[in-house]
Amino acid sequence: MDLVIRNASLVQDGELRAADIGIADGRIAAIEPGLPAEARALDAEGCLVVPGLIETHIHLDKTCILDRCRIEEGTVAEAVRVTAAAKRGFTADDIYARAKRTLERCIMHGTMRMRTHVELDPGIGMTGFEAIRQLARDHAWAIDVELCVFPQEGLTNNPGTEELLIEGLRRGARTIGAAPYFDTDPRTQIDRIFSIARAFDAEIDMHLDLADTTDGMQIDYVCRKAEEYRWGGRVAVGHVTQMSLLPPERFNAIAARLANAGVAVTVLPSTDLHLMGRNHDHAVPRGVTPLEPLRRAGVTCSISTNNVLNPFTPYGDGSLIRMANLYANVCHVSRPADLAGCLDMITADAARLMRLDDYGIRVGGPADLVCIDAHDPAEAISTLAQPLWGIKRGRTSFTRARPALHPPA
Ligand SMILES: [Zn+2]
């Protein structure tokens with residue numbers, strides 16, 4: 001045994017238990033109370049230990065660009081337009097340096113797996129893809145980063161983009177994304193993405209139905225394609241803010257459709273709150289789709305960060321626990337079981353969305369562990385508890401000091 005974590009609180013078989021965790025060769029070798037072992041010990045002091053957090057949807061390549069973008073309207077169209085203009089000045093070194101800032105913040109907040117969307121189009125070419133791939137390699141000691149190639153500025157209206165997406169998949173990306181809302185022909189973009197995914201045996205993770213009205217929703221069409229291609233379990237859709245505007249009957253019909261088709265949903269609360277509701281001057285809709293009814297219907301759901309410090313989201317610290325707390329607050333989540341569910345959506349459920357088999361706290365599993373300054377999952381979300389330390393493949397990858405009070409003596 002190389003390391004023993006003492007006095008951890010763990011969720012095992014749906015129950016909170018106290019146990020020690022023995023680690024050998026980067027993997028979990030034993031889980032039991034009072035584990036007899038001579039190895040170096042780390043005391044969790046009764047705090048919650050969870051598997052490394054999972055960010056299923058982020059954009060490292062366009063992070064930290066507020067110094068060169070001005071936000072006037074706060075709409076999706078403006079965000080795409082202003083970011084596209086800034087992108088013309090991106091270089092490999094610039095992308096690497098900005099992305100590194102955000103990636104390291106994510107690591108220090110307990111994230112150990114990540115799917116980052118990378119924009120490919122004739123303007124940026126493979127520059128962003130290669131910079132992020134190098135960054136991922138350089139941080140593999142702390143986080144596993146997966147690249148999802150996608151056409152932010154359109155596919156059918158942007159000749160040369162499809163060839164670049166294919167090149168990204170040839171160079172090792174295992175996921176392809178989409179943004180049909182920014183294509184002159186949304187359905188053809190969706191068709192092309194499914195067809196390319198099948199040719200490369202790739203996962204699909206689309207930006208979908210990001211709008212302020214219920215007009216032109218594509219979610220039913222994506223479910224139909226998932227069934228036609230038998231791609232159930234391999235398709236995720238992000239945002240779906242349009243669903244948040246539907247009355248319960250229509251909402252529940254789509255929930256059942258998603259569950260049957262095996263299409264997962266990611267909500268991006270910070271972005272959705274920032275970009276939606278811009279067509280209202282009072283009683284502004286929140287634009288965040290509630291996930292509890294989707295989960296009850298059997299849909300796999302995750303909560304993610306999306307953008308950090310850019311025109312899509314001029315906020316961000318890389319904290320998934322903060323995102324889960326924000327989501328919970330906005331969507332009226334208050335029952336302890338539902339709050340605990342918010343932690344599931346940045347851990348186990350996010351792993352299912354990304355089809356990560358080698359995940360979770362179990363004997364033989366990877367020693368990817370985060371200690372959170374809380375006693376149970378609901379408290380971790382409701383109190384915005386801080387991660388105290390993380391172990392990646394058996395090695396300490398970050399620590400965070402607790403704040404301390406200094407009362408007069
Ligand atoms: Zn996104």
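Helices (H or I, at least four residues) and strands (E, at least two) are DSSP runs, numbered from the N terminus. This is a predicted model: local features need pLDDT of at least 70, side-chain atom pairs count only at pLDDT 80 or more, and totals for chains, interfaces and linings use all residues. Residues are numbered from 1 along each chain as its sequence is written.

**Exercise 1. Place Val-82 in the fold and state whether Val-82 is buried or exposed.**

Step 1. Find the element. Val-82 sits in helix H1, residues 76-87.

Step 2. Apply the cut-offs. A residue is buried if 20 or more other C-beta atoms lie within 10 Å of its own, exposed if 12 or fewer, and partly exposed in between; C-beta atoms are placed from the backbone. Val-82 has 20 C-beta neighbours inside 10 Å, so Val-82 counts as buried.

Step 3. List contacts. Two residues are in contact if their C-beta atoms, placed from the backbone, lie within 7 Å. Setting aside neighbours within four places in sequence, Val-82 is in contact with Cys-69 and Pro-311.

Step 4. Add a distance. Arg-70 is twelve residues from Val-82 in sequence, and their C-alpha atoms are 7.6 Å apart.

**Exercise 2. Work out which residues of helix H4 are buried and how they are arranged.**

Step 1. Helix H4 spans residues 161-170, and its buried residues are Thr-161, Leu-164, Leu-165, Gly-168 and Leu-169.

Step 2. Look down the axis. The buried residues of H4 fall within an arc of 145°, so they line one face of the helix. The arc is that of the directions from the helix axis to the C-beta atoms.

Step 3. Turn to the other side. Glu-163 and Arg-170 are exposed there.

Step 4. Identify the cover. Helix H3 (127-138), strand S8 (144-150), strand S9 (175-178) and helix H5 (186-200) are among the elements over the buried residues.

Step 5. Check the end. Just after H4, Gly-172 has a positive phi of about 115°.

**Exercise 3. Describe how domain 1 and domain 2 meet.**

Step 1. Set the bounds, which come from an automatic or database domain assignment. Domain 1 covers 3-51 + 359-399, and domain 2 covers 53-353.

Step 2. Take the centres over C-alpha atoms. They are separated by 29 Å.

Step 3. Count the contacting residues. Domain 1 has 18 residues in contact with 21 residues of domain 2.

Step 4. Assign the domain 1 side to elements. Strand S5 (48-51), helix H13 (377-382), strand S15 (387-392) and strand S16 (395-399) each give two or more residues. H13 supplies the largest share, five residues.

**Exercise 4. Characterise the largest nonpolar core.**

Step 1. Define the set. A nonpolar core consists of buried Ala, Val, Leu, Ile, Met, Phe, Trp, Tyr and Cys residues joined through C-beta atoms within 7 Å.

Step 2. Give its size. The largest one has 124 residues, and Val-49, Val-149 and Ala-324 have the most contacts inside it.

Step 3. Find the main contributor. Helix H10 (residues 320-330) gives the largest share, six residues.

Step 4. Compare with the domains. At least three residues of this core come from each of domain 1 and domain 2.

Step 5. Inspect Val-149. Beyond four places in sequence, Val-149 touches residues including Val-118, Phe-129, Leu-165 and Ile-176.

**Exercise 5. Summarise the burial and contacts of the protein chain.**

Step 1. Of the 409 residues, 53% are buried.

Step 2. Among contacts with a separation of 6 or more, 76% join residues 24 or more positions apart.
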